[in-house]
Amino acid sequence: MIVLTTDTFPGREVEPLGMVRGSTVRAKHIGSDIVAGLRNLVGGEVKEYAALLAGAREQAMDRMIAEARGLGADAIIAARLETSTIAQAASEILAYGTAVKFR
């Protein structure tokens, strides 16, 4: 599945099939939280949180792509990612875009 952030697919005519989305909510793990807290004291990248969010982004994208495939889409255009805090220790990652079929 081709996923683009642009609003068009250069060189191709497309028929929009509708909006598709995928999301996941991830919570911090107490062990990772302790290590991240210690790392925060000395500065630098908090690898535990970076890995958590990278996995969440991939899962949200995979779910969006699965929804587009279910519609028979060839690609997704205008793809976006958003995040929001659900609770103090949990965040939602949302991937959304427009599923399209090539003409």
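**Figure 1. Overall view of the predicted model and its contacts.** Of the contacts in the protein with a separation of 6 or more, 74% join residues 24 or more positions apart, where contact means heavy atoms within 4.5 Å. This is a predicted model, in which local features need pLDDT of at least 70 and side-chain atom pairs count only at pLDDT 80 or more, whereas totals for chains, interfaces and linings use all residues. Residues are numbered from 1 along each chain as its sequence is written, and side-chain values use heavy atoms, with hydrogens and water left out. The secondary structure comprises two helices and four strands, arranged along the sequence as β-β-α-α-β-β; helices (H or I, at least four residues) and strands (E, at least two) are DSSP runs, numbered from the N terminus. The average pLDDT, the predictor's confidence in each residue from 0 to 100, is 88, and among the elements helix α1 (residues 30-42) has the lowest mean, 63, while β1 has the highest, 97.

**Figure 2. Close-up of the largest nonpolar core.** Twelve residues make up this core, among them Val20, Ala56, Ile76, Ile93 and Ala99; a nonpolar core is a set of buried Ala, Val, Leu, Ile, Met, Phe, Trp, Tyr and Cys residues joined through side-chain atoms within 4.5 Å. Buried means under 20% relative accessible area, exposed over 50%, and partly exposed in between (1.4 Å probe, protein chains only). Two or more core residues come from each of α2 (47-70), β3 (75-87) and β4 (90-102), and α2 gives the largest share, five residues. A second, separate core of five residues includes Phe9, Ala75, Ile77 and Phe102.

**Figure 3. Close-up of helix α2 and its cover.** The end C-alpha atoms of α2 are 35 Å apart, which agrees with the 34 Å that its 24 residues should span at 1.5 Å a residue, because the expected span is 1.5 Å times one less than the number of residues. Its buried residues are Ala56, Ala60, Met64, Ile65 and Ala68, and what covers them includes β1 (2-3), β2 (14-27), β3 and β4. Gly72, which follows α2, has a positive phi near 85 degrees.

**Figure 4. Close-up of Pro16 in strand β2****.** Pro16 counts as exposed because its relative accessibility is 57%. Leaving aside residues up to four places away in sequence, Pro16 touches Thr98, Ala99 and Val100. Pro16 and Ala73 lie 57 residues apart in sequence, with their C-alpha atoms 8.7 Å apart in space.
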